[in-house]
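User: I would like to learn how to read the internal cavities of a protein model. Could we begin with the residues that surround one?

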Amino acid sequence: AVCPAYADLSRIDLDSVRGRDAGVTGAVEIIDSERIRRLNVSDLEDVSNLVSGLQLDTGRAQSDVRLTLRGLQATVNTPNVAVMIDGADISSQAIGFPGAALLIDPRLLDLDRVEVLKGPQTASFGRNAVAGVINYVTRAPTDTFEAELRGDGGNYGRAEAEASMSGPIVADRLGFRVFGAFWNDFGAYENPVTSQEMGTSQGWATGATVHWTPNARWTVKARLSYADDEIGRDEAALPATDVLAVPSALAADNPALDAAAGVDPRTGLPLFSDPLINTFAGAVPSAGDIFVRRSPDFIKTGGTLPAFSEYPGAERQVLRAHVTAQWDLAFGQVAASLHFMDADHTELFDFDKRGEGFFGKPKDDLSFVQSYLDLDTETRVFSQDIRFQSDWDAPVHANVAAHHFSEDVDQTEQGGALVAQGARCVLPGDCPGFTGRPAFAFVDEFAAAQTPRPLQRDIDHWSVLTGLTFNLSELGLGPTQRGTWRLEAKARFVWEDQDIA
């Protein structure tokens, strides 16, 4: 049992998922180790492609990760699908975006299986488990010595390798497991504005696990891991296929607008002539039919990248430590869990995802908008819980647990949007009418003028679970011809405080 502190999710199976030993109810899909390796499952997107009813959507920012399970989508700035590693909650929420944080989508390495529990599970698993639970179960030390090395390669610079070693230190008492991995991908597109590859990603990770069984009643598992990866995405703004005008009813009090210019035949509302918006309408074309081009990284002042290089995308470093302990008693089981994570991630990319330059001449980018996102985020998570699950020789069983979760996030934002060509000037005498300059000529000064904008969020969460399970068949209250009937009642009291400054 790798994860006894969370109702033994790590040892559930399809035959016992509704039984008392599993401690959970609902539909479960499991991606075992054979499928993980055969299908090269490496991230949350791969998991969503294999699990029915699970969808992954990423917003314009890479830290805006949105999970939908069984059609239940988060409507506030809190994820509604709990994501766990060996039962430790790693669910987090982004700052400034409606989805979850980038940290819920780790590189999936040295995994034994992925378990997806569908349906509301807030009573059993607490915060964020409104729609269900995704639990990554890492591989445990083995009883005999073994070593494994595997690699994978492909076009566009795709290469990855993973090595592991496992075995006993003291027979039947102490075992170990170590692993290391690296990966690289150049991306499938070249940016014609910079002549560089887009969506490149690379990284490395390592970790070690120790499994200790001092006697027949005690089991302790400790795991320490570190991952450092760069995450790139091939993204492009869809080409404009239509022009929309802002109805005068939405901007009637703005003195900077021109007089009304006709009536919109679709709405019957008068229109102004200058707030025209180029937009996309119609069916989304296939990826092969989209000309992918983005502005180069113009941020030179105080930067470390060469001028006109590609934006680096997202980078993250995650240190994680997790200890679980289980104590078997004559009348039940006590389990405890401690989890700590310290993560740093940065994002710097072209937020408008448009570039108007041409091959070999990035300085001639004629875009009238230069928008970039620049985030630096440090997240520290600490969680602990203790659980008692009875094993009475009776038709009634109890489940009691206490859980504490704290998260401290410090984020600095220094991006912005610069609009030049095509913007109507509102200061008389400065630039009457419309400007006619591309934005890239002003990006240096604009970037240098951006002051860091710090934001902090602290979450302090406490919850207590109580539950009772009645075996109706043993009590003679259920039809014995149709299997075992149980009645389960659970209640969780939650107190959570969030401070944002």
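Analyst: This is a predicted model. A cavity is read through the residues that line it, and here the largest cavity has a lining of 19 residues, among which Ile85, Pro106, Arg107, Ser225 and Ala227 lie nearest its centre. Two or more lining residues are given by each of the elements β8 (132-138), β15 (218-231) and β19 (313-329), and the largest share, five residues, comes from β15.

User: What volume does the largest cavity have, and how do the residues of its lining divide into nonpolar, polar and charged?

Analyst: The volume of the largest cavity is about 310 Å³, and its lining is made up of 12 nonpolar, two polar and five charged residues.

User: How many cavities of 30 Å³ or more does a search of the whole structure find, and which residues lie nearest the centre of the second largest?

Analyst: The search finds nine cavities of 30 Å³ or more. The second largest, with a volume of about 180 Å³, is lined by 23 residues, of which Leu108, Leu109, Asp110, Arg150 and Glu162 lie nearest its centre. The elements that contribute two or more residues to this lining are α1 (33-38), β9 (146-154), β10 (158-170) and β11 (174-185), with β10 supplying the largest share, five residues. By class, the lining of this second largest cavity holds 10 nonpolar, four polar and nine charged residues.

User: Let us turn to a single residue. Why does Ser406 count as buried, and in which strand does Ser406 lie?

Analyst: Burial is judged from relative accessible area, with under 20% as the cut-off. Ser406 counts as buried because its relative accessibility is 18%, and this serine lies in strand β22, which spans residues 396-413.

User: With which residues is Ser406 in contact, once its neighbours within four places in sequence are left aside?

Analyst: With those neighbours set aside, Ser406 is in contact with Arg380, Val381, Phe382, Ile459 and Asp460. For Ser406 and Phe382, the separation is 24 residues in sequence, while their C-alpha atoms are 5.3 Å apart in space.

User: How many helices and strands are there in the protein, and what percentage of its residues count as buried?

Analyst: The protein has four helices and 25 strands, and 44% of its 501 residues count as buried. Of the contacts between residues at least 6 apart in sequence, 65% join residues at least 24 apart. The accessible surface of the protein comes to about 24300 Å², with 57% of this area belonging to carbon and sulfur atoms.

Note on methods:
Residues are numbered from 1 along each chain as its sequence is written. This is a predicted model: local features need pLDDT of at least 70, side-chain atom pairs count only at pLDDT 80 or more; totals for chains, interfaces and linings use all residues. Side-chain values use heavy atoms; hydrogens and water are left out. On a 1 Å grid over the protein atoms alone, a cavity is a set of points where a 1.4 Å probe fits but cannot get out, and a pocket is an open set with protein on both sides within 12 Å along at least five of seven lines; lining residues have an atom within 4 Å of a point. Grid points are joined across faces, edges and corners, and a volume is the space filled by probe spheres set on the points. Ala, Val, Leu, Ile, Met, Phe, Trp, Tyr, Cys and Pro count as nonpolar, Asp, Glu, Lys and Arg as charged, and the others, Gly among them, as polar. Buried means under 20% relative accessible area, exposed over 50%, partly exposed in between (1.4 Å probe, protein chains only). Contact means heavy atoms within 4.5 Å. Accessible areas come from the Shrake-Rupley method with a 1.4 Å probe; for residues, only the protein chains shown count as cover.
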